[in-house]
Amino acid sequence: MSWMSPSYVVQGDFDTSWTPLARRYSLLLYREVGWDSEQPSGRPVLFIPGNAGSSHQVRSIASSAARQIYSTPHVRSTDIPANVEPLDLYAVEFNEDLSALHGPTLQTQTAYVQAALKYIVSKYPNKRDLQVTILGHSMGGIVALNALISPDHRKIVCAVITMSSPHSLPPARLDRQIEQVFDNSINVLWKIPINNTTIESPPVLALCGGATDNMLPMESCVLPPPPIEANLSNVPYRRTIFTSGLDGTWTGVGHREMVWCHQVRWRVARASLELAAAEPNTRGSILDRWFAGSGGPNSSRPMLPTSPSPPVHISDGYLSRSSLPTGTSVFHFPIKSLGSRLVILLSSGRILGVAPEKDVVTDIVVDLCHAKDAPHVACTPINSGSARLIPNPSLKGLFPVPGEGVDESEGVVVWESETTTTNEGYFSVTVSSKKNAGSWLVARVEQPSSLEIFTGKLAPFFGSIDMELPYTNSLIRRILVPDLISSAMIAYKVVFNHEGDCTNPLLAPILLHRSSEIESHFHRTLSSTRSPIVHTHNSGPFLGVKYGLDLTVYTSGECYVKAIRIHVDWNTSLGRIASRLWAGVFAWAIATVAAMNALAWYEWNDNKQFIAPLESFEQVTKRLAVPALVSVAVLSTLPLPRSLLLGIGGEPVFSVLAPFCLMLAAMVVGCSCYTLSVLQWICSGLYNMLRTVGLATDLDNRRPPFTRSFVAFHLFVGALVIVFIPYQVAYLVAFILHLWECSISRVHLARQSPTKTARFHLLSSYGQGSHLLLTMFWMLPLVAPVLIVWARTLVTAGLTTPFDGDHNILKVMFVVMSVELRPLEAPSK
C-alpha cells in the first residue's frame, strides 16, 4: 500500500514569456506535506505523463523519494548516502491530451518540455552544472527522448527513465508526424550520441511491464538495438528491463499501474536520488544496481566476525541447513573434479551485495583455498560469479502474487561460482547470522547441468513435446530447446512431473524462462491451480522472428523435476496474434476496397453501367480471391524485409497469417458494404419524410464544376481548414454530405425512370458515389482520432490556443471536390 500526503504547487512564473504553450499546458511542483520543505532546494526531476495522463501521477514516485531520504519528517535516513540531496519533482500537466493518436500533439508537448527544462534549471542559480533527471510514462517517454534532440537540452539532462513507453513501434500510425517523432527518438538513442561525442548523451533505461500491460504490445517497449555500423565499445548506456525479471518484483505490471506499483516506484525514486548526486561515469552502474540486480554500491566484501568453532568439512559437497543459528560458522567444500562450481541458496541473506531489501540477517563470503606448502593454505577471496534474487512462492495461493505483490523481505539469493580450473583445494564458506533461525542455507559443489533437446519447431503445434530429464542432484539445471519459435505471438504451456519429497521443500522447484538478456519470467512448477504459460516479447510482427526456449530450474534438492511436457497454448496464442495483427487486417481491407474500385472503373463503358459496391465485391471475390490468397501465402514464406507483409520474415509457421488476414479483411469489407447500405436506407427514409412535408427537393443540388459559387465555396472551406479547423473535420463533413447525396440517389433509383438512358445515368451515378462513399468510410479510422484530439483540445484549452493539427488543405480538397462534382460520362466500349 502506498501512503502519501500530496500537494501540488503550480509554477505560475512559467508563463508565456518562456513559451506560448503556457496558455495550453502548465508545470507543477510536488510537495509531500509534512516531509518536503516548501521551497525547492534539492535536485530537480521532471515527470512527463503519457497519453491521457495526468501530472498527479507523479505523486507515488515523489512520495517514495521523500520517505526514503527521511526516516521521519525532516530527519534524514541513515540508509541514504550523505551526498544525496532531496528531490524536487516537477510534473507537466498536458490536460490529458491524447498524444498517442496525434503526431503534432507530441511535437507540441516536446516543445513545452524543452522550455520547462530551461525554466527548471533557472530556478537553481546557486548550483553549478545542475542537471535534471527525466521520468517519462508511456508516450511521455517518447516526448522525453524528443526533447533531447537539441544539444542544449541534452547537456542539462542527467538520465532518462521511461516506463511502459513504445520505443520500437508507434501504437498507431495515423500521420507522418508520428513517424517523425519516433525517428527522432531513435536518433537520440543511437545516431546523435554515436556521431556527436562532444556532449555526453545521458543514460536511458526503459522499464516494461510485460504481458500484464494490456494497452501496448510489449515488444514495442524494447529499446531499438544500435545500428550495425556502431562501435559497440563506445555506445552510450541504453538498457531495457522487464519487471517480470526485476528482483523483488517477479511479475508483469499493468500500463497505468507502472507509476504506482510499489515494487517499481521505490526503485525509480531511489535511483533518481542517487543519480542526481553521481558522477556521469557512474550513472549506468546505479541504474544496474537498482534495476538489473547487479551488486552496486553495497557489494563490497563485508568483514565478518571470526568463527569460535573449527571449520566443518563437507565431504560429499552438499550442505542443507533449514535453520541457521546465531553466530559465525565456516564450511569447507572440497573440489574433486575439474569444471566444478559451488552453488549457494540463502534466504534472508546477502551474497556479493545481492539481498532482499529488508530483514536481511545473514551474510556469506566465499574463499577459494589451495594447499601451498604444507601445512600452509592460501585462500583467495571470491568476489565474482553470478548472483541474483529469485522468488520462493508458497505452494498455496497464486504466483505471481496479485494485488500488492511480494513483500520486500521475500526472495532467495542464488550464487554460482565460476567453474574451477583445478581438482584440488576447497571452497571456504563463512556464514554469519544475526538472528537465530532467521535464514536457511543450501550449498552444493556440482558440475554445471545443461541439457539441449532438439524437437522440431512444429512439434508443439500438432501435439506436445515430452522430455524425460535424466536424474541429477544439481541445484540448478538448464534445459535449452533451440528450435522452438520464440515470438510474442506464440505462448507455450509447460507441464511438469516431479519426484522426491515435494511436500515442504526449502525451495520448491521454480522455473526461470529467460527469453532474452532483458526479459525473464519465473513460474512455479508445483502448482495446484494452473500450468505455467511461457511467452516472450523479444520478437514479433515487424520485428523479426527468433528461436529457442531457454529454461532453468532452481531447487533446494528435496524435490526435483523428472519430466517436462510442452505444447502450444492456443487460447493465449490466438489472443496475442489478434492483438498484434489488427493493423494488418485494416491494411488488407483498404487493399480490397481499392481492388473493388479498380474493377468497377475498368468494367464501366457506354454499354455497361458503373456497378454498385456489393456487385463489385462479389466480382472481386469470384475473380481475385483465390489468386490473391495463393499469392499472399507464397510471398509470406519468402524472407522479405521486416516492414513488408505483416513483418513475419518468411517464417513458414506464420505464413498462414497473411492469407487469413486477407480473408478476414475481405469479410469485413463485405460487412461494411451492407452497413453503408443500411445507413443509406435510413437516410432515404428520412429524406422521404422531409420531402413529404416540403423540406426537401427532388433537384440535384450539387454545384456544376468551376462556377463562381463552386470556387467560392471551396475557397471558404480551404481558408477554414488553414486557419482554424484541421482537415479531418472537413473530411467528416464531406463524408456525411456524401452519405446524404447517395441516399437521395437511392430514392431516385426506386422510382420508375422515364427513359432507359436516364436510368443508366442514375445507376452509374449511384455506383460512382457509393464507391467513393465506401472509400471514405474506410478512411474514417485514420481521421476520427484526430477529430477526438481536436475536440478535446477545444474543451481543455479553449479557442485561445490554436490547435496544432494538420492544416494541409491539399489532403482534403480533392475529396471535397469529388463529393461536389457531377459523375463522369461513360467511356466508349
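Axes are lines fitted to C-alpha atoms, for helices over the stretch in contact, and the angles between them run from 0 to 180 degrees between N-to-C directions. In the predicted model described here, helix α2 (residues 103–122) packs on helix α5 (residues 176–195) at an angle of about 45°, and the two axes are 7 Å apart. This angle makes α2 oblique to α5, because angles under 35 degrees count as roughly parallel and those from 65 to 115 as roughly perpendicular. On the α2 side the contact is formed by G103, P104, L106 and Q107, and on the α5 side by Q177, I178, Q180 and V181. By class, the contact of α2 with α5 comprises 4 nonpolar and 4 polar residues, with no charged residue.

A second helix pair is formed by α10 (residues 613–635) and α11 (residues 657–692), whose axes come within 10 Å and cross at roughly 175°. Helix α10 is therefore roughly antiparallel to α11. The contribution of α10 consists of P613, L614, F617, A628, L629, V632 and A633, which meet A658, P659, L662, M663, A666, V669, G670, C673 and Y674 of α11. The contact of α10 with α11 contains 15 nonpolar residues and 1 polar residue, and charged residues are absent from it.

At the level of the whole chain, the domain assignment gives domain 1 (6–292), domain 2 (312–446), domain 3 (456–568), domain 4 (577–675) and domain 5 (703–828). The centres of domain 1 and domain 5, taken over C-alpha atoms, are separated by 43 Å. Contact between these two domains involves 14 residues of domain 1 and 17 residues of domain 5. About 1,300 Å² is buried between domain 1 and domain 5, and carbon and sulfur atoms give 58% of this area. Of the area that domain 1 buries against domain 5, 38% is supplied by R24, H102 and L174, more than by any other three residues.

Two open sheets were also examined. One has 5 strands in the order β22-β24-β29-β26-β27, and its pairing is mixed. The edges of this sheet are occupied by β22 (449–452) and β27 (520–524), each of which pairs on one side only. From one strand to the next, the twist averages 25°. Edge strand β22 pairs in the parallel sense with β24 (residues 476–486) over 4 bridges. Within this pair, L451 stands opposite I479 in β24.

The other open sheet has 4 strands, ordered β23-β30-β25-β28, and its pairing is antiparallel. Strands β23 (465–468) and β28 (533–534) stand at the edges with a single partner strand each, so one side of each is left without a neighbour in the sheet. Between these edges, strand β25 (residues 492–500) and strand β30 (residues 559–568) pair in the antiparallel sense over 9 bridges. In this pairing, K493 has H567 of β30 as its bridge partner.

Note on methods: Residues are numbered from 1 along each chain as its sequence is written. This is a predicted model: local features need pLDDT of at least 70, side-chain atom pairs count only at pLDDT 80 or more; totals for chains, interfaces and linings use all residues. Side-chain values use heavy atoms; hydrogens and water are left out. Angles under 35 degrees count as roughly parallel, over 145 as roughly antiparallel, 65 to 115 as roughly perpendicular and the rest as oblique. Contact means heavy atoms within 4.5 Å. Ala, Val, Leu, Ile, Met, Phe, Trp, Tyr, Cys and Pro count as nonpolar, Asp, Glu, Lys and Arg as charged, and the others, Gly among them, as polar. Two strands pair if DSSP finds at least two bridges between them. Domain bounds come from an automatic or database domain assignment. Buried area is the accessible area (1.4 Å probe) that two parts lose on being put together, summed over both.
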